[in-house]
Amino acid sequence: MPRLPEDLPELLERVRAETAGSVGTGKVADYIPALASVPADRFGLAVATVDGQLHGVGDWRERFSIQSISKVFGLALTLGLDGDRLWQRVGREPSGDPFNSLVQLELEHGIPRNPFINAGALVVTDRLLSVTGDPVGAVLALLRGEVGDDGFGVDPLVAESEAAHGDLNAALGYFMSAHGNMDNPIRIVLDHYFRQCAIAMSCGELAQAALFLARHGTLRDERRLLSEVQAKRINAIMLTCGAYDAAGEFAYRVGLPGKSGVGGGILAVVPRLCTVCVWSPGLDDQGNSIAGVAALERFAQLTGSSVF
Ligand code: DON
């Protein structure tokens, strides 16, 4: 069983100091133009524990675009509200391909490999639209409820920028529609998907919002969003698919369920213990934060928290 040290702030400072060399390396995402202006030298790291502690270092209170990290919360809500029906429309295998690839979707008849690549997240958003009528509203309500703060939301400039440069996501959506794997109008699904990706939150807020995954499905107010089995399975999909075509490397280096986003954030879960969120905008070729992966690797080593 991994253990966190008494002096958690000191541990986080040590992780920051030992990974400082990789901050600023890599490339800030620019295929969504509104993300390109984020300074590459930012670094934030926060830990929220199941017994109620919250600690952070660096820019851990600064809000950033959560991007694909939002896919974890969309999936959790969809499974929690609608059960396993989703799995008829999306798989649970790592893709080994870039997160916005069209090729695999054609070969596999419009069924995305997993819910964390863009095509899979569009299917989840479509289902959540059918179930709630307002997927981005439902995701925001979950996030705000778990953080206990409604001071964050969708960054409209990022959402507009995504929509204006979202042809590839539109292609994925229309392609799946042609295969009968979309129930709602694609432009409405895309609008919710873009706004969900454009939610801006800090490392501290994201770590708090995801604690239900470390608590096996139980929300802050002790209501259950997910069964224990569902929560374990989301953690499993994060481990195998959360870093796209670098998921194997992430498991090898960090050994924790994790989900990255092209805003430079990575959210990781240590089941039964804590959540960790790191942010640094410089990305590797697969779209994962270089300093973020390095920091999580060091955190997992120092705490013995790899699940392996
Ligand atoms: O749809 C997109 O391409 C972005 N809104 C999200 C991509 C993303 O974060 C993938 N992450 N590594």
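These notebook entries record what I looked up in a predicted model of a protein with a ligand.

**Entry 1. Ligand surroundings**

I began with the ligand and listed its neighbours. I found 14 residues around the ligand, the closest being Tyr31, Gln67, Ser68, Glu162 and Tyr193. I then sorted this shell by residue class: seven residues are nonpolar, six are polar and one is charged.

Next I looked up polar atom pairs between ligand and protein. For Glu162, I noted a side-chain N or O atom at 2.8 Å from a nitrogen atom of the ligand. For Tyr244, an N or O atom of the side chain lies 3.3 Å from a ligand nitrogen atom. With Val262 the partner is in the backbone: a polar backbone atom there is 2.9 Å from an oxygen atom of the ligand. I also checked how much of the ligand is covered. On its own the ligand has 340 Å² of accessible area, and the protein covers 99% of that area.

**Entry 2. Helix α8**

Tyr193, one of the closest residues to the ligand, led me to helix α8, where Tyr193 is among the buried residues. I recorded that α8 spans residues 186-197, twelve residues in all. From first C-alpha to last, the helix reaches 16 Å, close to the 16 Å expected at 1.5 Å a residue.

I then asked which residues of α8 are buried. They are Ile186, Val189, Leu190, His192, Tyr193, Phe194, Gln196 and Cys197. As packing partners of these buried residues I listed strand β3 (64-65) and the helices α2 (70-82), α4 (118-132), α5 (135-147), α6 (156-164) and α7 (167-178).

**Entry 3. Gly153**

I placed Gly153 in the loop between α5 and α6. Ala200 is 47 residues away from Gly153 along the chain, yet I found their C-alpha atoms separated by 6.0 Å. Setting aside neighbours within four places in sequence, I listed Leu140, Arg144, Ala198, Ile199 and Ala200 as the contacts of Gly153.

**Entry 4. Thr49**

I located Thr49 in strand β1, which covers residues 44-49. Is Thr49 buried or exposed? I entered Thr49 as buried because its relative accessibility is 3%, and the cut-off for buried is under 20%.

I looked next for a polar partner of the Thr49 side chain and found the side chain of Asp51, at 2.4 Å. Residues up to four places away in sequence were not counted in my contact list for Thr49, which holds Leu4, Leu8, Leu211, Leu273 and Cys274.

Terms used:
Residues numbered from 1 in each chain as written. Predicted model: local features only at pLDDT ≥ 70, side-chain atom pairs only at ≥ 80, totals over all residues. Heavy atoms only, no water. Helix = DSSP H or I, 4+ residues; strand = E, 2+ residues; numbered from the N terminus. Buried < 20%, exposed > 50% of the residue type's maximum accessible area, 1.4 Å probe, protein only. Polar contact = N/O pair within 3.5 Å; in protein donor to acceptor, adjacent residues only side chain to side chain. Contact = heavy atoms within 4.5 Å. Expected span 1.5 Å × (residues − 1). Near = heavy atom within 4 Å. Areas by Shrake-Rupley, 256 points an atom, 1.4 Å probe, with all protein chains shown as cover. Nonpolar A, V, L, I, M, F, W, Y, C, P; charged D, E, K, R; others polar.
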